[in-house]
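User: I should like to learn how the features of a protein model are read. Please take them one at a time, with the general idea before the case.

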There are 2 protein chains.
Amino acid sequence: MARARVTLADIAARVGVSPKTVSNVVNDSGWVGAEVREKVLVAIEELGYRPNLAARQLRRGSSGVLALALPTLAEPYFAELASVFVDVAHDRNLTVLVSQTGGDRAREVEALDGVRLPAIDGLIMSPLGLEAVDVQERRRDISLVLVGEHGERVAGDGEHHVGIDNVAAAAAATAELIAQGCRRIATIGVQDEGPTETSRDRFDGYALALRQAGLPLDEALTGHVHEFNRAEGAVAVQRLVESGAEFDGLLCFNDSLALGALYALGVRGLSVPEQVRVMGFDDIADGRYSMPPFSTVAPGREALANRVLDIIAAPDATAPGHHEVPFSLVLR
Amino acid sequence: MARARVTLADIAARVGVSPKTVSNVVNDSGWVGAEVREKVLVAIEELGYRPNLAARQLRRGSSGVLALALPTLAEPYFAELASVFVDVAHDRNLTVLVSQTGGDRAREVEALDGVRLPAIDGLIMSPLGLEAVDVQERRRDISLVLVGEHGERVAGDGEHHVGIDNVAAAAAATAELIAQGCRRIATIGVQDEGPTETSRDRFDGYALALRQAGLPLDEALTGHVHEFNRAEGAVAVQRLVESGAEFDGLLCFNDSLALGALYALGVRGLSVPEQVRVMGFDDIADGRYSMPPFSTVAPGREALANRVLDIIAAPDATAPGHHEVPFSLVLR
DNA sequence: ACTGCTACATTCAACGTTGAATTAAGCCGA
DNA sequence: TCGGCTTAATTCAACGTTGAATGTAGCAGT
């Protein structure tokens, strides 16, 4: 399996030129005669030469490779985000490699330090455990862009962050439920511990929309969770229903929660959307074929990826801090 | 942002020792006195030294980094597989970086060649467009392990492949439906074009189980699809129902198809599991909170990842060819 | 014949790290 | 006192690539 590597020098020896000339052919740099170029290309083909990227990067100082560090790929939102990032980057002739941190502070710091990552040009991270001080105290030689709401807090004014306006998005989603006739709108996804930025922003938007519509904010309609996944969504709805709370609308802080909620509503025999209208967040693929269907907030994933890559391409052309990308409502 | 890199030489100069001694401290190699070690560690902390991985790999010839190339992260099966791989590898002190090829032959070949990948020690790939000749004709200096059914064909006897016995798994799943009382079992997921290995194996298992139970194989109960996703699953069921086919069991060739099928069954007013029992494949997280619930075949993901990493760790200790890992049925 | 130019190709050194070989110093026992 | 052993640190070269500097023709122009 592990045959010896073919190097520039091997090609050079075979053709009878210097390694540098071969390098020039490979990189289309310098002056190379047509005849020599041809012979070199033939030799490369015959011997199966592949540039050693470690050596190239060591010399050049850059690799054209970016890393995307996410809490988990098991959550569809992150998996789909990763998918979009890779594709958008591919169109730009960049490679994005995806890494999974588990949302663990230590592993996120490791990613920042480039521990166990190959030499990369830039790091895109959606942190969960990271603290602002972790970013501030270490000098980096690569560019960093943070995404996600926790990332926004960590970034502060000193680092790049890209994301949607969560408060506005949650307010728009809530307003839509109200427009559809809901008057008692429950919410699922309030978090009381850990990185709660997302939760808080979305709750703020929810509260804002209620206030603007002159509806009361009822603590009994607030479903608390530990994490944003189906299991927690199901349990939260179960608790709400058992507590005797009555509601005709349900704002879930992401689609996984919404899918879990639909499950629990189904078990309880509550029909969607007749008895309860459900709204989610993230527009993940699972939600598109959910039965019954529910509406959701679509963050502009392509827009996000493009914005991030713009910043990575020219980190100093953009002032650090928060950069906003648009969202939209998907009604089903 | 891009501050100058701190090198071993910088640390060495500050402490007043040779770079090699600093290297020894960093790698716990060679003999270093307690006092010098301490001073070096302090300097490393103060200056924020981080080893240059490109240089290290160039010198060492290996990086401890593996790449996992998948068709897409947008499909939950692959995303969850990636998640498991990263975690299992992390436990073994290895890094797995995930790449997305789109199932495109050219991009899969690029991955094989290491184009636009940082220097890595091993490649794990679930191919879709790749051909056996692509693998055979290029000499590689890294170890390769293929996964997935198309990968099994590409691997042949000359390359490593790890996977479950799809025929047996599909047969077991079908036998379970029969044991639950189903007599007319439809199937969804037969493919007529592209990389159809998965589809064929599962259909063979389905046919085998029917034969063993003395049940007829009815072509009218066969749902054809182009891809394994929710949309196709929904459409396939719709077609089956509209064709007038009657069935009390439904074997879907993966969970995404099953979720789409459930959607279509729901729209048609067919109740699950009363009127139709549904069985899927892959045991993805979405399926676990599906309403109504359905059973599925769980491939041993951890077992798969561990087997693959065993092989990568010692590629020559294992004969190339197919290596099997167990599956199990998850009944809901 | 001399200068200056163009087109090609080469040499040299360096990117940062680390195995292998070497040196240096301290200590022990004969 | 000498050789031999242990501990500690060093020097050297090389991993494969590529910028910068340099060399060498051949040819045009004066």
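**Reading the model**

Analyst: With a relative accessibility of 6%, B:N254 counts as buried, where buried means under 20% relative accessible area, exposed over 50% and partly exposed in between, with a 1.4 Å probe and protein chains only. This is a predicted model, in which local features need pLDDT of at least 70 and side-chain atom pairs count only at pLDDT 80 or more, while totals for chains, interfaces and linings use all residues. Residues are numbered from 1 along each chain as its sequence is written, chains are lettered from A and ligands numbered from 1 in the order in which they are written, and side-chain values use heavy atoms, with hydrogens and water left out.

User: Where does B:N254 lie in chain B, and which residues does B:N254 touch?

Analyst: Helices (H or I, at least four residues) and strands (E, at least two) are DSSP runs, numbered from the N terminus. B:N254 belongs to the loop between β8 (249–252) and α12 of chain B. Contact means heavy atoms within 4.5 Å. Not counting residues up to four places away in sequence, B:N254 touches B:R202, B:F228, B:G280, B:F281 and B:D282. In addition, B:N254 and B:T296 are 42 residues apart in sequence, yet 8.3 Å apart in space, C-alpha to C-alpha.

User: How should backbone angles be read?

Analyst: Most residues other than glycine have a negative phi, and most peptide bonds are trans. B:D282, one of the residues that B:N254 touches, has a positive phi, near 115°. B:D282 is placed in the loop between β9 and α13 (285–288) of chain B. A:N93 also has a positive phi, near 70°, and is found in the loop between α5 (76–91) and β2 (95–100) of chain A.

User: Is B:D282 buried or exposed, and is A:N93 buried or exposed?

Analyst: B:D282 counts as buried, at 6% relative accessibility. A:N93 counts as exposed, at 54%.

User: Which residues does a cis peptide bond join in chain A?

Analyst: In chain A the cis bond joins A:V272 and A:P273, with omega about 5°. A:P273 sits in the loop between α12 (255–268) and β9 (277–281) of chain A. In chain B, a cis peptide bond joins B:V272 and B:P273, again with omega about 5°.

User: How many helices and strands are there in chain A, and how is the spread of the chain judged?

Analyst: Chain A has 14 helices and 12 strands. Its radius of gyration is 25 Å, well over the 20 Å that the globule rule gives for 332 residues, so chain A is more spread out than a compact globule. The radius is taken over C-alpha atoms, and the rule is 2.2 Å times the number of residues to the power 0.38. Along the principal axes, the C-alpha trace of chain A spans about 85 × 40 × 30 Å. Buried residues make up 52% of the 332 residues in chain A.

User: Which domains make up chain A, and how many residues of domain 2 are in contact with domain 3?

Analyst: Domain bounds come from an automatic or database domain assignment. Chain A is divided into domain 1 (8–51), domain 2 (65–164 + 301–326) and domain 3 (166–299). The centres of domain 2 and domain 3 of chain A, taken over C-alpha atoms, are separated by 28 Å. In chain A, 11 residues of domain 2 are in contact with 18 residues of domain 3.
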